[in-house]
Amino acid sequence: MTKVLIATEKPFSNQAVSEVKQVFNAAGYALEMLEKYEDKAALIDAVKGVDALIIRSDKIDADVIDAADELKIVVRAGAGYDNVDLSAATAKEVTVMNTPGQNSNAVAELAFGMLVYLNRNGFNGTAGTELRGKKLGIHAYGYVGRIVASIARGFGMEVFAFDPFVDDVLIKNDGVTCLGSAEELYETCQFISLHIPANDQTRGSINEKMLMSMPDGATLVNTARKEVIDEEGLLKVMENRNDFRYLSDIAPDCKDDFIDKYEGRYFFTPKKMGAQTAEANLNAGVAAAKQIVGFIEEGDTTFKVN
Ligand code: 3PG
């Protein structure tokens with residue numbers, strides 16, 4: 001019997017788990033759960049003998065892949081798969097997939113939740129600022145970026161984007177002004193919403209020069225990955241520009257500097273919260289389950305990333 005493990009340090013909602021169970025019941029698969037586990041040893045123990053694995057931001061490194069002696073497929077229920085060691089998976093002929101687009105709306109809504117919160121000074125009773133009429137730059141125009149653009153138009157913002165991997169026509173058709181470089185985006189927009197993945201090309205790529213070039217009242221909202229920010233550069237910007245504010249879905253490594261010195265100019269979620277909605281859990285969890293069944297029963301490799 002095919003065995004599937006859902007290993008989620010940050011669990012899915014009960015409804016998502018129950019609908020995922022239905023998909024596997026119908027396929028005749030056995031489902032095991034490992035939720036809120038505390039260490040890698042628990043994960044290593046749980047992956048033994050399973051054919052398929054569903055994860056979220058859970059770290060799947062070479063040790064985990066080695067321990068998973070029957071593993072054929074890992075589905076990251078979500079967009080970013082920087083938490084999976086693709087080389088180790090490929091070396092053991094394990095297929096890795098993600099579920100693109102399934103949790104994007106939740107992430108886009110969180111970006112605006114954080115923007116409004118900080119622009120209203122954490123609702124502390126003082127006069128804040130509005131988003132209407134301001135320039136928003138969307139750095140990377142994938143699934144989340146597109147939804148951010150549509151919400152931004154509802155707020156009455158002027159929307160710009162840069163994405164070298166997306167056709168300009170697609171961006172322009174959304175009523176968004178397409179810019180030719182990341183540098184131009186940062187120089188143009190007071191607000192930047194970041195949606196680039198974390199990989200060898202992007203890690204540490206959002207640097208001091210780009211952030212210093214942003215117009216007055218600059219706010220960077222990062223619902224992508226903390227690793228794409230050059231934190232040393234970010235701290236210099238926080239020091240040299242007292243109008244600069246940083247919002248991030250999960251705190252940077254240099255969080256303590258923010259706490260010590262920059263009260264009122266930042267907000268960080270305590271846990272990665274972008275995709276943590278009932279709807280996103282359900283969409284991504286069920287998509288992951290169906291992708292596993294499609295792969296095992298029919299060899300469907302749509303959304304394979306390795
Ligand atoms: C993603 O890449 O899909 C998001 O960062 C969500 O991550 P999570 O599943 O850990 O909430």
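This report describes a ligand site and four residues of a predicted model.

## Basis of the model

The model is predicted, with local features requiring pLDDT of at least 70 and side-chain atom pairs counting only at pLDDT 80 or more, while totals for chains, interfaces and linings use all residues. Residues are numbered from 1 along each chain as its sequence is written, and side-chain values use heavy atoms, with hydrogens and water left out.

## The ligand and its surroundings

The ligand sits in the largest pocket, a pocket being, on a 1 Å grid over the protein atoms alone, an open set of points with protein on both sides within 12 Å along at least five of seven lines; a molecule sits in a pocket if more than half of its atoms lie within 2 Å of its grid points. Residues around the ligand, meaning those with a heavy atom within 4 Å of it, include Lys-10, Arg-56, Arg-76, Asn-103 and Lys-272. The shell consists of two nonpolar, four polar and five charged residues, where Asp, Glu, Lys and Arg count as charged, Ala, Val, Leu, Ile, Met, Phe, Trp, Tyr, Cys and Pro as nonpolar, and the others, Gly among them, as polar.

Oxygen atoms of the ligand have N or O atoms of the protein at short listed distances: a backbone atom of Ala-79 lies 2.7 Å away, a backbone atom of Gly-80 lies 2.8 Å away, and a side-chain atom of Arg-225 lies 2.8 Å away. The protein covers 96% of the 320 Å² of accessible area that the ligand has on its own, with areas taken from the Shrake-Rupley method with a 1.4 Å probe.

## A buried aspartate

Asp-249 belongs to the loop between strand E11 (245–248) and helix H11 (255–261), helices (at least four residues) and strands (at least two) being DSSP runs numbered from the N terminus. Asp-249 has a relative accessible area of 2% and is therefore buried, a term for values under 20%, with exposed meaning over 50% (1.4 Å probe, protein chains only).

The side chain of Asp-249 makes a polar contact with that of Thr-269 at 2.7 Å, such a contact being a pair of N or O atoms within 3.5 Å, one able to donate a hydrogen and the other to accept it. The Asp-249 side chain also reaches the backbone nitrogen of Gly-274, at 2.6 Å.

## Two loop residues with positive phi

Lys-36, in the loop between strand E2 (30–35) and helix H2 (40–46), has a phi near 50°, a positive value in a residue other than glycine, and is exposed at 60% relative accessible area. Ala-140, in the loop between strand E6 (135–139) and helix H6 (143–154), has a positive phi near 95°, but this residue is buried at 10%.

## A strand residue

Ala-52 lies in strand E3 (residues 52–55) and is buried, at 0% relative accessibility.

Notes
On a 1 Å grid over the protein atoms alone, a cavity is a set of points where a 1.4 Å probe fits but cannot get out, and a pocket is an open set with protein on both sides within 12 Å along at least five of seven lines; lining residues have an atom within 4 Å of a point.
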